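Student: Before the terms of a structural description are accepted, the grounds for each should be stated. Could we go through them for this model?

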Amino acid sequence: MKGGGVGGGGGGGGKRRWKVLVIGVLVLVILSMLVPLAFLLGLHNSFHSPGIVTVQPSSPFERSRINATNHSQRDLSNRVDQVLQKINPVLPKKTDINAGSRDMNRTSISDSKNRGLPVSPAVVAQPSPANKTITEVSHKGGQGAMVNAVETQRTCQVEYGSYCLWREENKEPMKDAKVKHMKDLLFVARAYYPSIAKMPSQSKLTRDMKQNIQEFERILIVSSADADLPPQVDKNFEKMEAVISKAKSFPVDCNNVDKKLRQILDMTEDEASFHMKQSVFLYQLAVQTMPKSLHCLSMRLTVEYFKSAPVEIEDSEKFSDPSLLHFVIISDNILASSVVINSTALHARESKNFVFHVLTNEQNYFAMKQWFIRNPCKQAAIQVLNIEKLELDNSDVKLSLPAEFRVSFLSGDNLASQGKRTHYLSLFSQSHYLFPKIFHKLKKVVILDHDVVVQRDLSPLWELDMEGKVNGAVKECSVRLGQLKSLKGGSFDANACLWMSGLNVIDLARWRELGVSETYEKFYKQMSGGGESREAIALQASLLTFQDKVYALDDKWALSGLGYDYYINTQTIKNAATLHYNGNMKPWLELGIPQYKTYWRKHLNREDRFLSDCNVNP
């Protein structure tokens with residue numbers, strides 16, 4: 001009995017152990033099936049990681065291979081991103097997306113309020129400072145865009161002077177817009193074609209792309225402008241765009257697309273650089289050369305002078321009378337000097353006391369004389385001098401107009417607010433330092449540049465007490481001596497303001513007493529031989545020569561900048577005694593600033609028949 005009982009108990013225990021083993025095996029089988037399934041479904045991402053595990057390569061060779069692979073992939077992705085950003089700037093910026101999401105949130109909030117539903121605090125996003133700026137600009141609408149355009153124009157003239165502003169004023173509609181669009185589509189099709197051609201299942205798409213590419217190439221060979229395109233070109237556009245759209249739906253070889261897009265980028269940059277350089281060159285050529293119409297006027301007047309009978313000058317005794325008011329103008333431009341004299345005499349209380357001395361070169365001497373014989377200016381006396389025939393110590397004397405220098409420098413205290421400012425400085429040329437010898441009987445003169453228009457009576461300038469100074473000029477304190485990198489030699493005050501030519505009151509007696517011309521020659525010789533241009537040497541010599549010798553005139557006597565600055569206030573122009581068109585955009589040129597030309601044109605005598613004969617229409 002006992003033995004049977006014990007045996008029966010042992011049999012029951014064996015069965016239980018067998019059942020436990022079976023259950024354990026089943027659990028392990030189930031777990032072995034669930035764990036891979038969990039990883040496949042991505043459920044492990046919700047588990048908390050106990051720490052960061054870094055897998056190191058097992059050998060130096062393996063480590064270098066992995067690094068090289070990662071580096072090449074990263075470089076390739078960076079290159080593709082850069083190219084796409086330059087070529088295809090249609091993707092919104094992150095800040096724009098944030099701004100758009102705020103607008104969507106704002107709309108959803110307002111809708112919720114209208115419906116009477118509670119608003120969740122999580123929906124209301126606080127805008128960052130950058131996004132706040134974008135939102136404010138978008139509220140202002142066109143005004144914000146206008147401000148940005150103005151700032152762009154201000155920085156534009158730094159690199160190319162005032163060329164870019166003139167280009168905006170004279171922009172013409174594109175005559176080859178469709179041709180350029182065809183070229184863009186052709187490049188995109190060529191970029192996708194190699195990848196599509198490798199797909200055996202897309203033989204029809206490959207054939208269609210090839211036909212469209214060949215058709216575009218055939219059209220572009222004979223078409224350089226939109227007018228040359230065939231009438232059915234719109235259908236060609238539709239076919240090419242449809243083929244490209246279909247090709248974009250397939251995976252392509254990124255290396256090939258990157259290569260083609262890089263070709264587009266390089267060609268576009270080269271073409272843009274070429275056209276920009278060509279435009280700037282033509283712009284500078286138009287600035288520095290005399291227009292054909294003015295050259296015609298000079299030649300016609302010269303011929304007329306020798307065909308006409310000689311005219312006796314009645315006011316010759318006035319030319320050396322120190323009791324009269326004498327103005328000196330250096331010019332090789334007939335119209336420019338005529339406008340200066342006409343505007344000055346027009347606003348004079350007594351024009352009979354005004355004497356004008358026009359210094360010109362031999363080429364324009366007879367034309368200048370004939371013009372003022374034909375067009376006298378009220379009761380003022382006008383003397384035309386050929387500087388190349390004057391009896392001076394220096395036998396080789398050439399006419400040199402007032403020198404203009406373009407100065408650009410940073411403005412602003414911190415880097416974030418820094419911008420570039422551009423000024424044109426006009427200073428005396430070497431011809432100015434001959435005045436004490438040319439006008440040896442005179443004690444005081446007023447020098448006017450030929451790009452000046454006078455709006456007030458200038459007689460009070462002879463009543464100024466210049467406190468022993470030589471040169472009375474308006475100072476330009478927005479530019480200081482210390483900001484000029486080219487100013488190297490000599491000792492000077494870095495905080496001193498620069499002075500401008502245009503309107504200058506010269507005490508010739510004090511000039512001779514201080515030996516200003518000799519001082520200039522000494523500085524000029526000391527600075528020569530260093531490889532610098534003559535203009536740069538003359539700039540330094542002039543600034544150092546007149547240091548502590550300039551009497552500051554009131555700012556209302558002269559307003560400069562009408563030859564390059566588009567943003568001068570109209571009331572400021574009306575209050576100025578003289579307007580100085582310093583800069584590249586002279587009023588007698590076609591590229592002059594339109595809103596400032598009217599102040600110059602109204603003093604031009606347009607009734608002279610030679611102006612119509614030579615088609616002079618400034």
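Tutor: The following exchange sets computed values against the criteria behind each term, and the model under discussion is a predicted one.

Student: What makes Cys296 and Cys614 a disulfide?

Tutor: Their sulfur atoms are 2.2 Å apart. The criterion is a pair of cysteine sulfur atoms within 2.5 Å, so the pair qualifies as a disulfide.

Student: Why is this disulfide of Cys296 and Cys614 called left-handed?

Tutor: The torsion about its S-S bond is about -65 degrees, and the link is therefore left-handed. The pair joins distant parts of the chain: Cys296 belongs to helix α11 (residues 292-307), whereas Cys614 lies in the segment after α20 (609-613), 318 residues apart.

Student: Why are Cys296 and Cys614 described by separate terms of burial?

Tutor: Buried requires under 20% relative accessible area, and partly exposed covers values between that limit and 50%. Cys296 has 25% relative accessibility, so it counts as partly exposed. Cys614 has a relative accessible area of 6% and is therefore buried.

Student: How many disulfides does the structure hold, and what is known of the link between Cys477 and Cys497?

Tutor: There are two disulfides. In the one formed by Cys477 and Cys497, the sulfur atoms are 2.1 Å apart, which means that the 2.5 Å limit is met. This link is right-handed, with 100 degrees about the S-S bond. Cys477 lies in strand β9 (residues 475-480) and Cys497 in strand β10 (residues 497-499), so the disulfide ties together parts that are 20 residues apart in sequence.

Student: How do you know whether Cys477 and Cys497 are buried or partly exposed?

Tutor: The 20% limit decides the matter. Cys477, at 39% relative accessibility, counts as partly exposed. Cys497 is buried, because its relative accessible area is 18%.

Student: What makes the aromatic pair of Phe435 and Phe439 edge-to-face?

Tutor: A pair of aromatic rings is described by the distance of the centres and the angle of the planes. The structure holds 21 aromatic pairs. For Phe435 and Phe439 the values are 5.8 Å centre to centre and 65 degrees between the planes. Pairing requires centres within 6.5 Å, and edge-to-face requires an angle over 60 degrees, so both conditions are satisfied. Both residues, Phe435 and Phe439, are buried.

Student: Why, then, is the pair of Tyr566 and Tyr567 called tilted?

Tutor: Its planes are 50 degrees apart, with 6.5 Å centre to centre. An angle under 30 degrees would count as stacked and one over 60 as edge-to-face, so 50 degrees is classed as tilted. Tyr566 counts as buried because its relative accessibility is 12%; Tyr567, at 27%, counts as partly exposed.

Student: Which residues make up the aromatic cluster that includes Trp499?

Tutor: Phe428, Tyr433, Trp499, Trp511, Tyr520, Tyr524 and Phe546 form one aromatic cluster.

Student: What places Lys522 over the face of Phe523, and Arg609 over the face of Phe610?

Tutor: Lys522 is at 5.3 Å from the ring centre of Phe523, and Arg609 is at 4.3 Å from that of Phe610. The distance criterion is within 6 Å of the ring centre, together with a position within 35 degrees of the ring normal. Each residue lies over the face of its ring.

Student: Why are β3 and β12 called edge strands?

Tutor: Seven strands form an open sheet with mixed pairing, in the order β3-β2-β1-β6-β11-β8-β12. β3 (381-386) and β12 (550-552) each have a single partner strand, so one side of each is left without a neighbour in the sheet. The twist averages 25 degrees from one strand to the next.

Student: How do you know that β6 and β11 pair?

Tutor: Strand β6 (residues 444-449) and strand β11 (residues 503-507) share five bridges in the antiparallel sense. At least two bridges are needed, so the strands count as paired. Within this pairing, Ile447 has Asn504 in β11 as its bridge partner.

Student: Which helices lie across strands of this sheet?

Tutor: Helix α12 (residues 334-346) lies across β1 (325-330), β2 (354-360), β3 and β6, and runs at about 170 degrees to β2. Helix α13 (residues 362-374) lies across β2 and β3, at about 165 degrees to β3.

Conventions:
Residues numbered from 1 in each chain as written. Predicted model: local features only at pLDDT ≥ 70, side-chain atom pairs only at ≥ 80, totals over all residues. Heavy atoms only, no water. Phe/Tyr/Trp six-rings, centres within 6.5 Å; stacked < 30°, edge-to-face > 60°. Buried < 20%, exposed > 50% of the residue type's maximum accessible area, 1.4 Å probe, protein only. Helix = DSSP H or I, 4+ residues; strand = E, 2+ residues; numbered from the N terminus. Axes fitted to C-alpha atoms, helices over the stretch in contact; angles between N-to-C directions. Contact = heavy atoms within 4.5 Å.
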